[in-house]
Protein chains: 2
Amino acid sequence: MVSMKDLAAACNVSVATVSKALNDQHDVSAKTKEMVRKKAKELGYFPNSAAKALKTNRSHNIGVLFVDEAQSGLTHDFFANVLDSFKRTIELQDYDLTLVNCSKEHHGSMTYLERARYRGFDGVVIACIDFKDPEVIELVDSNIPVVTIDYIFNNRIAVISDNVKGMRDLVTYVYGMGHRKIAYIHGNDSSVTQARVSSFYTTCTQLGIEVPDEYLKVADYRNTEETYQRTMELLDLSDPPTCILYPDDFAGFGGINAIRERGLRIPEDISVAAYDGIRIGRHIEPKLTTIRQDTEQIGKLAAENLIKLIEHPRSTIIRPIVVEGELYEGSTVKDINKVAE
Amino acid sequence: MVSMKDLAAACNVSVATVSKALNDQHDVSAKTKEMVRKKAKELGYFPNSAAKALKTNRSHNIGVLFVDEAQSGLTHDFFANVLDSFKRTIELQDYDLTLVNCSKEHHGSMTYLERARYRGFDGVVIACIDFKDPEVIELVDSNIPVVTIDYIFNNRIAVISDNVKGMRDLVTYVYGMGHRKIAYIHGNDSSVTQARVSSFYTTCTQLGIEVPDEYLKVADYRNTEETYQRTMELLDLSDPPTCILYPDDFAGFGGINAIRERGLRIPEDISVAAYDGIRIGRHIEPKLTTIRQDTEQIGKLAAENLIKLIEHPRSTIIRPIVVEGELYEGSTVKDINKVAE
DNA sequence: ATTTTATTCTAAAACGTTTACGTATTTTTG
DNA sequence: CAAAAATACGTAAACGTTTTAGAATAAAAT
């Protein structure tokens, strides 16, 4: 590996001059800069990020913290899409992305914060994780720039999907299609779930719909078996709903299976809708009615704000950034206005 | 940040002794080691990976190179699963994972090799990429430890899915179900496609099936529109197939849509099968018959072999490692033996 | 001609580690 | 008990950068 020292020797200048030439500092002549750069190319010089990081305390490396309850990790569709967008955005500014080692199984494992410090991340993005975890709190309360996805800490920038509006839009849409008996199988407790459930109730109330307790059920996110069971329970009610909302698209398919197993058709006999807008949902029949979360935008805004926070900490406003989702109509909600009651 | 210097001062020993104590070297007494470690905990000391990397030329950081033709990036199901397994495996050995910046859009972008050197990756795993790309070749021909996924370079360890056996199993299964008119919409040219297509032909020949040219079609991987079109073409044939194989599960759904749009039932009227075994395929109806690739094993073996290559370069055998897939029967291939011909 | 100012460069320290080598002390050995 | 060997620690250089402070030269101002 050719270092600045080699380069300096080849150019007959000092190492300092080489450094300044490559970093385009003002106190080195244009002529010298040109010469150093040419020689650098010639010798195949490339900087050493470790040395640079050591000296400057800036790694140009961003950490991603992601642990899923279901351990689905990178295969979590929502997260994968957000992360992909995040990555593309930071790469434009020459940052790299390192996945924070989350293993607690090996000897000498560190906390998230320790690991972030160890690696010298300039910033960390936290997503889809148990935000009550003491280690996460420790990281959030540290002085490392952090943005969180879909969870708000009052001292940190958060990029969150507008679950309140999303759920309102969804319920309003379903209502507009004539449904009055709407059940909601929601995910297990989390801030996202809370926002959606509360918005569900509020919207129903505003629309004058009464929601019997037995229409509210819980199922883990992305768990088709549970939604299958809960759906069966809903169908067994003496007064079953005409439309069922699911925690997410993936889990929704569990419900669809249950419904079909009962010999019911979607949407003719019963309507369903979900949340997320995963890609495959638009490619299989029936096309699932859902709220498509704008993962592209979420990732992009998270990236842009994290970088702003890193590079201009003082002028960056700490606040939640809300990204709206969009209703994807699909074909799983029937318009029952057209039918005589 | 508390450094070794601080720690040394607090312990009344030299920095060297601290370093050696923490690294469990032999030439420091048990008593001192104990004392240094205790003090380290007390002061909240943690090492600095940049300094360590600079000195030792080992970063304990592994790079992932992944560029998809379709730019699906991290959302590519097969890759996401492999990577997730890979990550879990290397984390057990205290490595971190950095996604190689693939952007070519910003100023001063480096080649993959340059970036790998810049970051000091101990090794790189390459997957799902255009392996003809000169930059990839440059990296593969470098002295950085590399393992490739699903592509064989003769100077590198490769972990590949057994596409030959997979396709043979699939065709044999379909044949066993009585099918003789089997069409194959295969992916666009790549070593994976080549292996599958050639295995498809070989198996058919061995089974005594003739495959008319019009039964072979091309569609991009994961492209439902294309498979939709190709499927329509197959259905329009004067002598249409009784079973259609698809490039991958995702693309398979495009075919399913086409078939259903024609008012045909799966598998009663026509059978379909695909390749990959993505998770959702087991959760939606009809359950797609497919070859489930063992992404868990592929990721794990790639990780284990890369680490072996990094840590014991001499004793590591450079060869392709083949991971077998497994037939997932699903319910999209009808047994037409039971029906009178 | 002298001082001031601007320009371009260099020397050297520093970042936080590791490690080869040296030295002092203790233990073993014949 | 002297010499050799083993043990435990310290010194200092090195890794590849950046950066501060200052030196040398040239240009401008007096």
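## Surface near DNA strand C

In this predicted model, the residues of the surface near DNA strand C comprise twelve nonpolar, nine polar and six charged ones. In total, 27 residues surround the strand, and the closest are Ala16(A), Thr17(A), Met4(B), Ala16(B) and Ser19(B). Both chains supply elements that give two or more residues to this surface: from chain A, helix 2 (15-22) and helix 4 (49-56), and from chain B, helix 1 (4-11), helix 2 (15-22) and helix 4 (49-56). Helix 4 of chain B provides the largest share, with five residues.

## Domains of chain A

Chain A is divided into three domains: domain 1 covers 4-47, domain 2 joins 61-160 with 296-323, and domain 3 spans 163-293. Between the C-alpha centres of domain 1 and domain 2 of chain A, the separation is 36 Å.

## Contact between chains A and B

The contact draws 45 residues from chain A and 46 residues from chain B. On the side of chain B that touches chain A, the elements giving two or more residues are helix 4, helix 5 (77-92), strand 2 (96-99), helix 6 (112-119) and helix 11 (249-261) of chain B. Helix 5 of chain B makes the largest contribution to this side, seven residues. By class, this side of chain B holds 20 nonpolar, 14 polar and twelve charged residues.

Strand pairing also links the two chains: strand 2 (residues 96-99) of chain A runs antiparallel to strand 2 of chain B, with three bridges between them. In this pairing, Thr98(A) stands opposite Thr98(B) of strand 2 of chain B.

Key. Residues numbered from 1 in each chain as written. Chains lettered and ligands numbered in written order. Predicted model: local features only at pLDDT ≥ 70, side-chain atom pairs only at ≥ 80, totals over all residues. Domains from an automatic or database assignment. Near = placed C-beta within 6 Å. Helix = DSSP H or I, 4+ residues; strand = E, 2+ residues; numbered from the N terminus. Nonpolar A, V, L, I, M, F, W, Y, C, P; charged D, E, K, R; others polar. Contact = placed C-beta atoms within 7 Å. Pairing = 2+ DSSP bridges.
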